[in-house]
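Work through the exercises below with the sequence and the 3D view at hand. Each task is followed by a solution in steps.

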Amino acid sequence: MTHFDTLETRSDDERAADLARSLPEQIARAQSASGYVESLAGVDATAIRSAGDLVGLPVLRKSELSRAQSESAPFGGFTAKPAAGFAHIFQSPGPIYEPGGVDHDWWRMGRFLHAAGIGQGDIVHNCFGYHLTPAGMIFENGARAVGAAVLPAGTGQTELQVNAARDIGCTAYAGTPDYLKVILDKADEMGVTLKISKAAVGGGALFPSLRQEYADRGITCLQSYATADLGNIAYESPAMEGMIVDEHVIVEIVTPGTGTPVAPGEVGEVVVTSLNPDYALIRFATGDLSAVLPGVSPCGRTNMRIKGWMGRADQTTKIKGMFVRPEQVAALVDKHDEIVKARVIASRQGEMDTMTVQIESPGGDDMSYAKSVVEVLKLKGAIEVVAPGSLPKDGLVIEDQRVYD
């Protein structure tokens, strides 16, 4: 397979030289944005020419971004142009607002789709959401970059989705790892044969057993690591050895809660600097854990590799493709006077994510609690009401019981 562009096969020296030119420009661009007036004050942009030079700069965390946005809506002063200058404005839980563009591969997802073998002649069954959150548009923009057509399906109404995929002749899937199984199982139930042979997934862990199930069905499934703020960060290639870092971001692995790099190969928090000129995020802390994978991918792509998503540096947890944050659990408790505390448990049933919300309360209405869970956490979950004092006193409000190996 040919590569997406020549950036993927640069030598270390070529990549370093290109970065030495582009990174100072990005730092200077950030300094012109009001959101960085304090944090980058006094920094000599011309001296920031490599990932190592970034270490002395402060880390930007989601909580700081959210606070800045509350003071200077909608983007907190971190963008290079006003909100009306972007094609889209998205809202993620928090809320946090993100800009979106429609320029060629603005989110850099085309590189991943190309690696997954998706291109001209393909029709992508896009099951990422299009409502408020950007994932649907991120993948649609990537499909446009590789010349593929898109069925903007989202989730729900599975029988209609199966019929559409059959009638249109969808050849590829984009969405969370486990939702493809929902579609395939419904197709089997309906006696429908689909043409999907490629899958580009994200927004949740791709468990080996599920990838193998897809392989047994003749579907090659690769995963990417992306966020609403940054777009694509890293992606799998057909070599399936770790994830290759995208060519327009710089990834550091640091000790959680700090900006200090860990030793090579150690697990730490993923901190990303984006080279997107429209939205200069400098040392943005994702809250995700990963580690550098040594060596170069056998596929010929030469950039740094990471081991993929290895959990959260904090208790924020991705369930069914959506982040659940400790502050949301606190908001759920505050919504009902009788609730003492609550605990969200993420687990798996078969190949599907499940969420159970344990609520310490002397009583209460399960239906009312379930409605509040959907309103606050944006997900449906099983409700377990337990007596006050029953939940563990270990400081956890979100417990991830899923096994990732």
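**Exercise 1.** Find where Asp178 is placed, decide whether Asp178 is buried or exposed, and list what Asp178 is in contact with.

Solution. The structure is a predicted model.
- Step 1: Asp178 sits in the loop that runs between strand S5 (172–175) and helix H7 (179–190).
- Step 2: The relative accessible area of Asp178 is 8%. Buried means under 20%, so Asp178 is buried.
- Step 3: Set aside the neighbours within four places in sequence; Asp178 then has contacts with Leu210, Tyr214, Arg348, Glu351, Met352 and Asp353.
- Step 4: With Asp353 there is also a polar link: the side chain of Asp178 reaches the backbone nitrogen of Asp353 at 3.3 Å.

**Exercise 2.** State the order of the strands in the open sheet of four strands, and name its edge strands.

Solution.
- Step 1: The order is S19-S18-S17-S20, and the pairing is mixed.
- Step 2: An edge strand pairs on one side only, and this holds for strand S19 (382–386) and strand S20 (398–400).
- Step 3: On average, neighbouring strands of this sheet are turned by 20° against each other, direction ignored.
- Step 4: Look at one pair. Strand S17 (residues 341–349) pairs with S20 in the parallel sense, over three bridges. Val344 is opposite Ile398 in S20.
- Step 5: Add the helix. Helix H9 (residues 326–335) lies across S17, strand S18 (352–360) and S20, and runs at about 125° to S17.

As background, the strands of a sheet pair through backbone hydrogen bonds, either parallel or antiparallel.

**Exercise 3.** Why is strand S12 (residues 284–290) described as largely enclosed by the rest of the structure?

Solution.
- Step 1: Count the buried residues: seven of the seven residues of S12 are buried, so the strand is largely enclosed by the rest of the structure.
- Step 2: Check both faces. One side holds Phe284, Thr286, Asp288 and Ser290, the other holds Ala285, Gly287 and Leu289, and all of these are buried.
- Step 3: Identify a partner. Strand S11 (residues 268–274) pairs with S12 in the antiparallel sense, over four bridges. Val272 is opposite Phe284 in S12.
- Step 4: Examine one residue of S11, Gly268. Its relative accessible area is 0%, so Gly268 is buried. Beyond its neighbours within four places in sequence, Gly268 is in contact with Ile253, Val254, Pro256, Val262, Asp288, Leu289 and Ser290.

**Exercise 4.** Describe the surroundings of Phe139 in helix H5 (residues 135–146).

Solution.
- Step 1: Phe139 has 6% relative accessibility, so it counts as buried.
- Step 2: Apart from neighbours within four places in sequence, the contacts of Phe139 are Met109, Phe112, Leu113, Asn126, Phe128, Ala174, Ala200 and Ser224.
- Step 3: Compare sequence with space. Phe139 and Asp246 are 107 residues apart along the chain, and their C-alpha atoms are separated by 15 Å. For Gly268 and Lys371, 103 residues apart along the chain, the C-alpha separation is 36 Å.

**Exercise 5.** Which backbone angles are given for Arg108 and Lys320, and which residues are joined by a cis peptide bond with omega of about -5°?

Solution.
- Step 1: Phi of Arg108 is near 65°, a positive value in a residue other than glycine. Arg108 lies in the loop between S2 and helix H4 (110–115) and, at 7% relative accessibility, counts as buried.
- Step 2: Lys320 is not a glycine either, yet has a positive phi of about 50°. Lys320 is in the loop between strand S15 (317–319) and strand S16 (322–324). With a relative accessible area of 35%, Lys320 is partly exposed.
- Step 3: One cis bond joins Ala73 and Pro74; Pro74 is in the loop between helix H3 (62–71) and strand S1 (88–92).
- Step 4: A cis bond also joins Gly94 and Pro95; Pro95 is in the loop between S1 and strand S2 (96–100).

**Exercise 6.** Why is the chain said to be as compact as a globular protein of its length?

Solution.
- Step 1: The chain has ten helices and 20 strands.
- Step 2: Its radius of gyration is 22 Å, close to the 22 Å that the globule rule gives for 405 residues, so the chain is as compact as a globular protein of that length.
- Step 3: Buried residues make up 51% of the 405 residues.
- Step 4: Of the contacts between residues at least 6 apart in sequence, 63% join residues at least 24 apart.

Key: Residues numbered from 1 in each chain as written. Predicted model: local features only at pLDDT ≥ 70, side-chain atom pairs only at ≥ 80, totals over all residues. Heavy atoms only, no water. Pairing = 2+ DSSP bridges. Helix = DSSP H or I, 4+ residues; strand = E, 2+ residues; numbered from the N terminus. Axes fitted to C-alpha atoms, helices over the stretch in contact; angles between N-to-C directions. Contact = heavy atoms within 4.5 Å. Buried < 20%, exposed > 50% of the residue type's maximum accessible area, 1.4 Å probe, protein only. Rg over C-alpha atoms; globule rule 2.2 N^0.38 Å. Polar contact = N/O pair within 3.5 Å; in protein donor to acceptor, adjacent residues only side chain to side chain.
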